[in-house]
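User: Please take a close look at one backbone feature in this model. Then place it in the wider picture, and say how far the model can be trusted.

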Amino acid sequence: MTSVSLEESPLQTDVDQNDTALEKILSKFRPLGPFYIRFMPLLMFSSLTNSWFCMNYVFAAANVDYRCKYNCENVSEFIETALNITTNAERCLKYPLIDTNGTCSADNFNVTNAITCTEWVYKDPYSFVAEFNLGCQDWKRTLVGTARSIGYMIGLLLLGPVSDKIGRKKLIIFTGITGAVAGLVKSFTYSYWLYIALEVTDGLLGDTYSPNYMLGVEMVSKQNRVYFAPLMIGTMAVGGIILSATAWLFPYWRYFLRIIYAPALLYILYPLFLDESVRWLLIKGKKEDAKDIIRKAAKINKTVISEELITNVQCRKNVANTNILRLLKITISSKKLLLRFLACCCMWIAATFNKYSLLINSVSLEGNKYVNYALTAFADLPACILLTFVLIRFQRKKPLIGSFLLTGMFCVVQSFMKGYPTTSISLFFIGKLMSAIAYATVYLYTTELFPTYTRNTMHALCSSVGRIGSILAPQTPLLLRFWTGLPSVIVGGLSLITGVIIMLMPDTAEDVLPDTVKEAESLGTRTTYIPVKNNEEECVTNLK
């Protein structure tokens, strides 16, 4: 049987897609021109708040030391003898964290049914763990992060099609305001399960990053996409540093949540300043709205764009009322796109697991947890600078393979460096840097693989499946009790496997964003597809 490569595509035509009218117009806008200087900060703010929403549980639901609250005078003589301790008070100090069956101990000391414990004394009585009385219930603390990821996973399946249906702008505004409200309500609740429900809601309806990223990618030319991806990852890095500093300055978790969620109420003003995606407007047949945005951008940029060129930017067929399920069926009916979708799911699972595992476990490294988290988040800044270079120089495929393989190598080596804190943290930092490059490239790469009318839907599907990684990541601190290097080994092994899978994928760096299934199938080849009139069911931007 002949194997099928994900890169195969039939020869179609030698016409270059760079001749599209919209691509010509977008290429006239400089990355640091006045229009993007006004437009990009709005997207950067969205990335910033999203970084706070996604990872606040690392500090809000942080681990806190506690001990069983019991009457030391009633400890049995057997236990005193077994522990070889002369006084009950000395025993309480030496083994302070024993639970109902004697297994919840800081020293992992196990004496079955030693103490009946129903109350605990917490080192920080105002912590999340203390206020919800989670003594010896670590699974409830780690469940917070998992609950958010489950909500996020379901939300991507729901909001991806919504973004393709109603537009990027409206969804950014809706999710931003919803996330702000859910987060602020979380800070006032005294019910653990209500907090979990709000955490799920926050992930379900409060994710701005996916439509935000899609809007940015669709509003820049193919040359400028390599600058947009690092800009987003760099903003997320700054967000992580600010998150850590805020948690350090305001350690009480309720105040901490209010401070990081309150700024998101500014999304109420976004309808006044944020423009919709021109590509999306064209796909939906809203040609005049798209033209108005182009003229506005040209005026702000003081760029001359002929009306003839603007007029050439149009749709052949309006699919505004086409059912999203039908459009999705058209997309995945292509064997090539289906195989690429499955490969993308593998990349997303590895990328999200690596990102969240390394961030979450950074607070367990030797040293100050706030500094360690900030340093781990800071790794994304040199990553975004390096990313710009590698995406220009090596396109997409090679950076993806290299970053996953290097993440695997550094993380596996770091897992064996216990007792060498400087070396361990350095390797951890480099591993996080490589994983940041992989994550950012996966995010950009996925947007380039699918046609415009289902781009956000397919991207959301891949990202949603990938949330399996972020669902599992919050549970990795529980593995530390078995071996401190186990989380890093899992990250490393998963990265190495993913690097091999990517070898089957095409490179998309030289192609404009595809609008149709046939254009998407021809990605990574030297030939492109010219749609034939009445032979396509999709709405596309006219070729010149």
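Analyst: **Cys136 up close**

Cys136 counts as partly exposed because its relative accessibility is 22%. The classes are buried (under 20% relative accessible area), exposed (over 50%) and partly exposed in between, with a 1.4 Å probe and protein chains only. This is a predicted model: local features need pLDDT of at least 70, side-chain atom pairs count only at pLDDT 80 or more, and totals for chains, interfaces and linings use all residues. Residues are numbered from 1 along each chain as its sequence is written, and side-chain values use heavy atoms, with hydrogens and water left out.

Cys136 sits in the loop between helix 6 (128-131) and helix 7 (138-166). Helices are DSSP runs (H or I, at least four residues), numbered from the N terminus. The phi of Cys136 is near 55 degrees, a positive value in a residue other than glycine.

Lys302 has such a phi too: near 55 degrees, positive, and not in a glycine. Its loop joins helix 15 (287-301) to helix 16 (307-311). Lys302 counts as exposed, because its relative accessibility is 77%.

Now the interior. The largest nonpolar core (buried Ala, Val, Leu, Ile, Met, Phe, Trp, Tyr and Cys joined through side-chain atoms within 4.5 Å) has 127 residues. Phe39, Met55, Phe128 and Tyr213 have the most contacts inside that core. Contact means heavy atoms within 4.5 Å. Leaving aside residues up to four places away in sequence, Met55 touches Leu243, Tyr356, Leu359, Ile360 and Tyr373. Another core lies apart, with 6 residues, among them Ile283, Ile330, Val517 and Ala520.

Next, the surface. Val181, Val185, Leu265, Leu266, Ile268, Leu269, Leu272 and Phe273 make a nonpolar patch of about 750 Å². Patch residues have over 30% relative accessible area and no salt bridge, with nonpolar side chains joined within 5 Å and like charges within 9 Å. A salt bridge puts a Lys or Arg side-chain nitrogen within 4 Å of an Asp or Glu carboxyl oxygen. Helix 8 (168-186) and helix 13 (270-273) each supply at least two of the patch residues. Val181, in helix 8, is partly exposed because its relative accessible area is 43%.

Last, confidence. The protein chain averages a pLDDT (the predictor's confidence in each residue, from 0 to 100) of 76, and 78% of the residues score at least 70. Residues 1-19 fall below 50, and that stretch has 49 contacts beyond near neighbours in sequence. Residues 71-103 are also below 50, with 64 such contacts in the model.

Methods. Areas by Shrake-Rupley, 256 points an atom, 1.4 Å probe, with all protein chains shown as cover.
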